[in-house]
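This note is offered to a colleague who is meeting the structure for the first time. Its numbered points may be read beside the sequence and the model.

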Amino acid sequence: MTGLPNTHPIQANEPYDWSALLKLIQTEFAFMDGRIDPPSSMHRLTADDIARQASAEEVWTIGSPPMACVFLSRKGDALYIGKLAVAASQRSKGLARRLVDLAADRAREQGLSILELQVRVELTENQKAFAKMGFVETGRSAHEGYDRPTSITMQKRL
C-alpha cells in the first residue's frame, strides 16, 4: 500500500502496549453505544484480556501507536475474526481489507478454508463492508436473554 507509512501488519506479543490497543478498540467501537443491544463486549475488555488473547491465539496490529487491529481465533474448521478496528483517521485506506487478507493467509497456513465473524444486526454498514470482502450470511443468533437475533454470522470460503 503505497503512500501509507507503517502499514505492514505485525503480530502483537509481549512486550506490547496493550492499553494503546484497548484504547483503539474502545474509541472505534464507541459509535455502537446506543445503537446495539446488548452493549458491545468491548465494555468488559481489559488490557490484560488482550494480552491473554495474544498469548492464547493471535492479535495483529498495524502502526505504532496502533491504527488498526484484529483478533484471530481458531473456531472448529474456521478462523474467527474478532475485534477488527481501524482508526477513523485511517479509514478508506484498505487497512481492514489488509487485515482480512492476513486472516485468510493465516487460515490457509493452518489448513482452514473458512473465515468467520459476527456482526450485530443493527450495524448494516458493517454487514455491507464485509459482504464487499466476500463474506456471506450463514446464520443469526441471539445473545443470552434475548428472544430475537442480535448477531449475524458471516463466513468467507477461501
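**Notes on the sheet, the pocket and the backbone**

1. Strand 5 (residues 114–120) and strand 7 form an antiparallel pair with 7 bridges; two strands count as paired if DSSP finds at least two bridges between them. Within this pairing, V119 has I152 of strand 7 as its bridge partner. Helices (H or I, at least four residues) and strands (E, at least two) are DSSP runs, numbered from the N terminus.

2. The basis of these remarks should be stated early. This is a predicted model, in which local features need pLDDT of at least 70 and side-chain atom pairs count only at pLDDT 80 or more, while totals for chains, interfaces and linings use all residues. Residues are numbered from 1 along each chain as its sequence is written, and side-chain values use heavy atoms, with hydrogens and water left out.

3. Strand 7 (residues 151–157) also pairs with strand 6 (residues 136–141), again in the antiparallel sense, over 5 bridges. Here G139 is matched with T153 of strand 7. Of the 7 residues of strand 7, 6 are buried, and the strand is mostly covered. Buried means under 20% relative accessible area, exposed over 50%, and partly exposed in between (1.4 Å probe, protein chains only).

4. These pairings belong to an open sheet of 7 strands, with the order 1-2-3-4-5-7-6 and mixed pairing. Its edge strands are strand 1 (10–11) and strand 6, each of which pairs on one side only. In general, strands of a sheet pair through backbone hydrogen bonds, either parallel or antiparallel.

5. Strand 2 deserves separate attention. Strand 2 is largely enclosed by the rest of the structure, because 5 of its 5 residues are buried. On one side the buried residues are E58, W60 and I62, and on the other V59 and T61, so that both faces are covered. In a regular strand the side chains alternate between the two faces of the sheet.

6. What are the partners of strand 2? Strand 1 runs antiparallel to strand 2 and is joined to it by 2 bridges, with Q11 opposite W60. Strand 3 is also an antiparallel partner of strand 2, over 5 bridges, and I62 has A68 of strand 3 as its bridge partner. The hairpin of strand 2 and strand 3 has 5 residues between the strands, and G63 there takes a positive phi near 90°.

7. Continuing across the sheet, strand 3 and strand 4 are paired in the antiparallel sense over 7 bridges. A68 stands opposite V86 in strand 4; A68 is also the bridge partner of I62.

8. Helix 1 has 12 residues and spans 16 Å from its first C-alpha to its last, close to the 16 Å expected at 1.5 Å a residue; the expected span is 1.5 Å times one less than the number of residues. Its buried residues include W18, L21, L22, I25 and F29. Among the elements covering the buried residues of helix 1 are helix 2, strand 2, strand 3 and strand 4, where contact means heavy atoms within 4.5 Å.

9. The largest pocket holds about 1,200 Å³ of space. On a 1 Å grid over the protein atoms alone, a pocket is an open set of points where a 1.4 Å probe fits, with protein on both sides within 12 Å along at least five of seven lines, and lining residues have an atom within 4 Å of a point. Grid points are joined across faces, edges and corners, and the volume is the space filled by probe spheres set on the points.

10. Which residues lie nearest the centre of the largest pocket? They are F29, M32, L84, N126 and F130, from a lining of 42 residues. Strand 4 gives the most to this lining, with 7 residues. The lining divides into 20 nonpolar, 13 polar and 9 charged residues; Ala, Val, Leu, Ile, Met, Phe, Trp, Tyr, Cys and Pro count as nonpolar, Asp, Glu, Lys and Arg as charged, and the others, Gly among them, as polar.

11. Several backbone features merit a check. Most residues other than glycine have a negative phi, and most peptide bonds are trans. A cis peptide bond joins D37 and P38, with omega about 5°, and P38 is in the loop between helix 1 (18–29) and helix 2 (47–56). The bond from S64 to P65 is likewise cis, with omega near 0°. K83, in strand 4 (residues 78–86), has a positive phi near 50°. S92 has a positive phi of about 65° and is exposed, with a relative accessible area of 82%.
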